[in-house]
Amino acid sequence: MIDPLLLCAIMALTTLAVLMTGYPVAFVLAGSGLLFALIGATLGVFHLPLLSALPQSIFGLMQSPTLVAVPLFVFMGVVLEKSSLAADLVQAASKLLSARRGGLAAAVIGVGALLAATTGIVGATITTLGLLALPPMLAAGYRPSLAAGTVAASGTLGQIIPPSIALVLLGDQISIAYQNVQIDQGIFSPRTITLNDLFAACILPGLALASLYAAYVLIRARFEPGLASPNDKPHAAAPDLWPALLPPLLLVVAVLGSILAGLATPTEAAGIGAVGALLLAARRTARKATATIINAALWSMLALVMLASLFDLRPQRDVIPFADWLAIAAAALLTLCLAAGIAVALRATVRTRDTAGLPILTAAATRTLTLTAMIFAIVIGARLFSLTFRGLGGADFIENLLQGLPGGATSAVFMVMATIFILGFFLDFLEILYIVIPVTVPVLLALPLADGSTMSPLWLGALIALNLQTSFLTPPFGIALFYLRSVAPDAIRTADIYRGIVPFVALQLVMLAIVWTWPVLATGLPALLGSGN
């Protein structure tokens, strides 16, 4: 009889090999899981009844309130892309810092960080930055490798700066693993890790990474004069700065502010973001009368968020104070105003067409459906893969391996981080997220540290998020490189792109080391906001 661990290793290697051919990830994971389950059953090392847990697992997945945020955040980002609001932002922000050497590159990084907080979709951000930032950077005398590296790295900030699709999916995995570990330890009232907590944990590392990028380009441009022109000049037709910057900033404040303040769950905040993006898209091309209604709706939405922070509008007492009645009446009026604005925005986005000639609402809804279906298909395929992998004993082997490493928890975390980084050269972040994380994270969270305590799941989540971000830039399969190559002008060669991303990958690893050394960067803000984990 064959050793089940040998079959497990063959399964993993076969899956990696097929994934690198470009075959759809969901079908590879589901197909390899089913194939090796049948092979294992034929050889007598796998019990097919284990697969009966799959329907219940999928049903539990579809009931997860956290994952409802995925299509809403995707819709928010796609609407901003299709309506050219992101393009206006890039062009307007090119005015910032343009008077100093390297300033245009720093402005592009700043725009990338802001787009990360409004879209969270790497492909959309890199495409927008590539089309609108690369030509002026090259015209200003930037070396092609620096221009390409800056745009590619800025576009990937959407995976570490909330709200991010990657963080939503990672947060679900971390939360499940953390609760299971506590139950295994006999804690039947486990503490929970919410997506709000993970968002808060990743804000400071994400902003610090963007600052590290900006400092790098400014310092390098100053001490390497031939690298960038001292007279960076934006497009002559760039829109006014504040009308382009203020709406996305307000959207970020409404979405992230409501999450961090505890006023809304990530799913509710994603709904705010989706509605806000729809209103902003309609406002961009609306006539004066229509724009007035939409502006009123936008202010109503912000006022509702502020009102919710001041009053608990859910009647929980027999006698409601007069001030609460006034707040409820004001909320009702604001809701009616918001509903009118949404109706007008829906009509406007159906009439307005994107660059491909499709109605903005139709194009955004179609793109959202496609991306969401792809993500959930991968999740379902990964569940089948994971069931087979665990049934063959692979999870137990990895658990024993990590627990037996000299150096304890520190060595185990280092080994997992190194594995994720190496896999990032060949696999997409979703593949790593659903193959590696479910197997390794529960083991890491259960390992005792030197002082007898266990590691913070938020610190571990921030480390994994930073590490996963490198997979977008590392060749040969870094998805950001493909997006950038598809929109880069002929003056930028593929070699320039690969050469340009090297220092930014190094900066990502530096940031990873900083968060490793000072966990407070990840745990400080959640603790300040009320999470002690």
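**Exercise 1.** Which residues touch the most other members in the largest nonpolar core?

*Solution.* The model examined here is predicted. Its largest nonpolar core has 172 residues. Within that core, the residues touching the most other members are Val-70, Phe-73, Leu-157, Leu-169, Leu-444 and Ile-464. The next step is to follow one of them, Ile-464. With residues up to four places away in sequence left out, Ile-464 touches Leu-170, Ile-174, Met-417, Ile-420, Ile-437 and Val-441.

**Exercise 2.** Describe the protein chain as a whole.

*Solution.* Begin with the secondary structure: the protein chain has 23 helices and zero strands. Turn next to burial: 53% of its 533 residues count as buried. The exposed surface of the chain comes to about 22,600 Å², of which carbon and sulfur atoms supply 69%. Finally, consider the contacts between residues at least 6 apart in sequence: 79% of these join residues at least 24 apart.

**Exercise 3.** Determine how helix H9 packs with helix H20.

*Solution.* First, locate the two elements: H9 covers residues 165-184, and H20 covers residues 457-470. Second, take the geometry: the axes lie 11 Å apart, and the packing angle is about 145 degrees. The crossing of H9 and H20 is right-handed. Third, list the participants: H9 contributes Leu-167, Leu-170, Ile-174 and Tyr-178, while H20 contributes Pro-457, Gly-461, Ile-464 and Ala-465. Fourth, sort these residues by character: seven are nonpolar, one is polar and none is charged.

**Exercise 4.** Is Cys-202 buried or exposed, and which residues does Cys-202 touch, not counting residues up to four places away in sequence?

*Solution.* Cys-202 lies in helix H10, which spans residues 195-223. The cut-off for a buried residue is under 20% relative accessible area. Cys-202 has 0% relative accessibility and therefore counts as buried. Beyond residues up to four places away in sequence, Cys-202 touches Ile-160, Pro-162, Leu-167, Ala-462 and Ala-465. Two of the residues in the packing of H9 with H20, Leu-167 and Ala-465, are thus also touched by Cys-202.

**Exercise 5.** Place Ile-161 in its surroundings.

*Solution.* Ile-161 belongs to the loop between helix H8 (144-155) and H9. Because its relative accessibility is 5%, Ile-161 counts as buried. The C-alpha atoms of Ile-161 and Cys-202 are separated by 6.4 Å, although the two residues are 41 residues apart along the chain. Ala-117, 44 residues from Ile-161 in sequence, is 6.0 Å from Ile-161 in space, C-alpha to C-alpha. Setting aside residues up to four places away in sequence, Ile-161 touches Ala-113, Ala-116, Ala-117, Gly-206 and Leu-207.

Notes: Residues are numbered from 1 along each chain as its sequence is written. This is a predicted model: local features need pLDDT of at least 70, side-chain atom pairs count only at pLDDT 80 or more; totals for chains, interfaces and linings use all residues. Side-chain values use heavy atoms; hydrogens and water are left out. A nonpolar core is a set of buried Ala, Val, Leu, Ile, Met, Phe, Trp, Tyr and Cys residues joined through side-chain atoms within 4.5 Å. Buried means under 20% relative accessible area, exposed over 50%, partly exposed in between (1.4 Å probe, protein chains only). Contact means heavy atoms within 4.5 Å. Helices (H or I, at least four residues) and strands (E, at least two) are DSSP runs, numbered from the N terminus. Accessible areas come from the Shrake-Rupley method with a 1.4 Å probe; for residues, only the protein chains shown count as cover. Axes are lines fitted to C-alpha atoms, for helices over the stretch in contact, and angles run from 0 to 180 degrees between N-to-C directions. A crossing is left-handed if the near helix is turned anticlockwise from the far one by less than a right angle, and right-handed if clockwise. Ala, Val, Leu, Ile, Met, Phe, Trp, Tyr, Cys and Pro count as nonpolar, Asp, Glu, Lys and Arg as charged, and the others, Gly among them, as polar.
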